[in-house]
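Student: Before I use this model at the bench, could we go through the terms people apply to it? I would like to see each one set against its definition.
Tutor: Gladly; here it is.

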Amino acid sequence: MFTISLDTTFTSCTTFEITANATEGYTGIYAADSYDLTFQWYYYDGVNDLWNPISTGGDYTITNTATQSTLIVDNIISKTDYQFYCEVSEGAGCYTTCEAIKPELNTLTWDGTSWTGILPPNNTPDSDKLI
């Protein structure tokens, strides 16, 4: 059996990063007996009843190492209802998935008179931290 864990972070106001860390479960007696891990990311957009595979391109960048895969989602503001998960495979027919992640986006809007949305504790947004 192998394991998977996730780390998530907002790297900017518009970029969300998810890293899946996996540990190989089958190593065999000899090094040649082990299987490489493969990663596949999926998204659900909240509209269609499908989980769609993600590849690098557009708003998505995927980087992989032998035991880790990172999905970088740019323009996350346009994906407020999206969920993401990673499937890790080890050899034929052996795979596991992580729980789906839905990024929690805190939005704050100025209508010319007042702020709406999630305000900081003092109810005054820092103007130097707004986009």
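Student: What keeps the sulfur of C98 from forming a bond with the closest cysteine sulfur?
Tutor: Distance: the closest cysteine sulfur, in C86, is 5.6 Å from the sulfur of C98, too far for a bond. A disulfide is defined as a pair of cysteine sulfur atoms within 2.5 Å, and the structure holds 0 disulfides. One word on the source: this is a predicted model, where local features need pLDDT of at least 70, side-chain atom pairs count only at pLDDT 80 or more, and totals for chains, interfaces and linings use all residues. Residues are numbered from 1 along each chain as its sequence is written, and side-chain values use heavy atoms, with hydrogens and water left out.

Student: Why is C98 called buried?
Tutor: Buried means under 20% relative accessible area, exposed over 50%, and partly exposed in between (1.4 Å probe, protein chains only). C98 has 10% relative accessibility, so C98 counts as buried. C86 is buried as well, with a relative accessible area of 0%.

Student: Why does N75 count as partly exposed?
Tutor: Its relative accessibility is 36%, so N75 falls in between those cut-offs. N75 lies in the loop between β6 (68–73) and β7. N75 also has a positive phi of about 55°, although it is not a glycine.

Student: How do you know that β3 and β7 pair?
Tutor: Strands are DSSP runs of E, at least two residues long, numbered from the N terminus, and two of them pair if DSSP finds at least two bridges between them. Between β3 (residues 37–44) and β7 (residues 83–90) there are 8 bridges, so the pair qualifies, and the strands run antiparallel. One example is Y43, whose bridge partner in β7 is F84.

Student: What makes β4 and β8 edge strands?
Tutor: The open sheet has 4 strands in the order β4-β3-β7-β8, with antiparallel pairing. β4 (52–54) and β8 (95–97) each have a single partner strand, so one side of each is left without a neighbour in the sheet.

Student: What makes a set of residues a nonpolar core, and which residues have the most contacts inside the largest one?
Tutor: The members must be buried Ala, Val, Leu, Ile, Met, Phe, Trp, Tyr or Cys residues, joined through side-chain atoms within 4.5 Å. The largest such core has 22 residues, and those with the most contacts inside it are W41, I54, Y60, L71, F84 and C86. Its largest share, 5 residues, comes from β3.
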